[in-house]
Amino acid sequence: MKWIQTMVQRPALVSVIYIILLMFGLFSYSKLPVDMLPDMEAPVVTVVTAYPGAAALDVEDKISQPMEDALGSLANLKEIASTSRENVSILTLIFSADAKIDEATNDVRQSLERISNDLPKGSNRPMVMKFDFGQMPIVRFSITSSGRDVRLLKDEIEDYLVGPLSRVPGVGAVSLSNAPEKVVRIQVSREKLMSHGLTMSELSQVIAANNMNVPAGDISLGTMSFSMRVPGEVTNLDELRNMPVLKSPIGEGIVLLRDVAQVTLSLAESSEIALVNGESAILGSLRKTSDANTVSVTERAIAIFAQAENKLPDGTKILILEDGATFIKGTITNLQRTVMMGALLVSLVVLIFMRKIGPTLVVALSIPASMIVTFLVIYMFGYTLNSVTLIAMSLSVGMVVDNGVVALENISRKLDDGLGAIKAAYEGASEVGGALLASTTTTLVIFAPMIFISGIVGQMFAQLAVVMIVTVSASLFVAL
């Protein structure tokens, strides 16, 4: 193995190679997104169709069954199931593991377009959604306000919390629940209305006519032209209460809306209710984009929570119910400790058996040298630093020193026989090079088939296999 002799005779070249790998490896490690699990796609598509006011049997006959007939012939479709309830139809389509989910989703949409005219006129447009692990909420939170109905603060919450959260890099969507829209309720006194000779329809027309912006034509100034309008929309409750309704038939006064009705600000009717620690609450969830770092996005979001809490009215509290980053950081930290503890124990075992500090340090340094190459490959493949890749690295800690121990032991034997350091290094590594290559190949053969496993399990084990193969291959290069 002439290349081994070249490496032994040119230590500066070896040093440069290691420095380059170290720089690129550390750069890759700093850029790696941190997540709990690898990016995975489940071959599942869901179709939800609303049919307001329809009974379950009508939904089954007019929505679910026609859709099943239209979608049953799709390519790579393994199973289709439907659930028909009052007002809604839910279809679940499960495709084979080798199906491309994006193409399958498009096929579903095209098939539904062909039967769109056959669906009942009262039904809504079908919503086609693919299952995506990356769209699971990374943060769930609640908002409460002591002494008031927190739902009345929806506008302030959207201004001070939802808006800033949406602008955080990596945030995909922010959604609120138990947050009905504000509505203005006008409770008309029938007796007062009749006393002024007005009907409900006439009052409704008057309110509509006095609550609109009216175009007022164009105005030209030289070569420029401007559109004009007369603003007439009501901006607050007092304006609405003081809106003229008609000239009083008794006397010279003007009848205002407040004279015949009570105007109040209320909430739209809702079937939701949310309580946190016994208080009415608005619940929220935060989703990230597919390429974002869960931990960094969560940390930025928590900083926004603190700022929003200071801007919202006194007594308003934002409570984090679930925080994916905390669990991820705990898991990642435990796995990192496992890797470090494994490296320490491996080095200790080598020291006990070889009884020499120098060779032990060489073997100990082979562990991070192999790992650095792995970080570079993980970054190039677009993987994340997740529990699967870290488990693979923790498993490979013991393997990466095997080649180094064998080569170093043979070199030590050559040194004991009286050979010089350079010659002992060359002959010792060359003699076991073929055996190390064979033993490493047998290890790689074990993990290589995992790359070709299909389905969700395959998506997880593919990363484990790649990390193991790269780390063990790097250990062979490091050893020789």
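**Figure 1. Helix 14 carries a kink of about 45° centred on Gly433.** The bend at a residue is the angle between axes fitted to the seven residues ending there and the seven starting there. The model is predicted: local features need pLDDT of at least 70, side-chain atom pairs count only at pLDDT 80 or more, and totals for chains, interfaces and linings use all residues. Residues are numbered from 1 along each chain as its sequence is written, and side-chain values use heavy atoms, with hydrogens and water left out. Helices (H or I, at least four residues) and strands (E, at least two) are DSSP runs, numbered from the N terminus. Helix 14 covers residues 421-447, 27 residues in total. From its first C-alpha to its last, helix 14 reaches 36 Å, close to the 39 Å expected at 1.5 Å a residue; the expected span is 1.5 Å times one less than the number of residues.

**Figure 2. Buried residues of helix 14 and the helices they pack against.** Buried means under 20% relative accessible area, exposed over 50%, and partly exposed in between (1.4 Å probe, protein chains only). The buried residues of helix 14 are Ala424, Ala425, Gly428, Ala429, Val432, Gly433, Leu436, Thr440, Thr443, Leu444 and Phe447. Gly433, on which the kink is centred, is thus listed among the buried residues. The packing partners of these buried residues are helix 1 (2-9), helix 13 (387-416) and helix 15 (455-479). Contact means heavy atoms within 4.5 Å.

**Figure 3. Thr440 in helix 14.** Thr440 has a relative accessible area of 3% and is therefore buried. The side chains of Thr440 and Asn403 are joined by a polar contact of 3.1 Å. A polar contact is a pair of N or O atoms within 3.5 Å; within protein, one must be able to donate a hydrogen and the other to accept it, and residues adjacent in sequence count only if both atoms are side-chain atoms. With neighbours within four places in sequence left aside, Thr440 is in contact with Asn403, Val472 and Leu476.

**Figure 4. Val406 in helix 13.** The relative accessibility of Val406 is 37%, so Val406 counts as partly exposed. Apart from neighbours within four places in sequence, Val406 is in contact with Val432 and Leu436. Val406 and Leu436 lie 30 residues apart in sequence, and their C-alpha atoms are 8.0 Å apart in space. Both Val432 and Leu436 appear among the buried residues of helix 14.

**Figure 5. Thr471 in helix 15.** Thr471 counts as buried because its relative accessibility is 0%. Not counting residues up to four places away in sequence, Thr471 touches Ser370, Met371, Thr374, Ser396 and Val400.

**Figure 6. Helix 3 (residues 56-71) has a kink of about 35° at Ser64.** The kink lies shortly before the proline Pro66. The buried residues of helix 3 are Val59, Ile63, Ser64, Met67, Ala70 and Leu71. Their cover includes strand 1 (41-50), strand 2 (77-85), strand 3 (88-95) and helix 4. Asp69 also lies in helix 3; at 56% relative accessibility, Asp69 counts as exposed. The C-alpha atoms of Asp69 and Gly324, 255 residues apart along the chain, are separated by 41 Å.

**Figure 7. Thr105 in helix 4 (residues 101-114).** Thr105 is buried, at 4% relative accessibility. The side chain of Thr105 reaches the backbone oxygen of Ile101 at 2.7 Å. Beyond neighbours within four places in sequence, Thr105 is in contact with Val45, Val128 and Lys130. Between the C-alpha atoms of Thr105 and Ala343, 238 residues apart along the chain, the separation is 46 Å.

**Figure 8. The chain as context for the close-ups, with 15 helices and 15 strands.** The radius of gyration is 35 Å, well over the 23 Å that the globule rule gives for 480 residues, so the chain is more spread out than a compact globule. This radius is taken over C-alpha atoms, and the globule rule is 2.2 Å times the number of residues to the power 0.38. The C-alpha trace spans about 125 × 65 × 55 Å along its principal axes. Of the 480 residues, 37% count as buried. Among contacts with a separation of 6 or more, 73% are between residues 24 or more positions apart. The accessible surface comes to about 26900 Å², of which 59% belongs to carbon and sulfur atoms; areas come from the Shrake-Rupley method with a 1.4 Å probe, and for residues only the protein chains shown count as cover.
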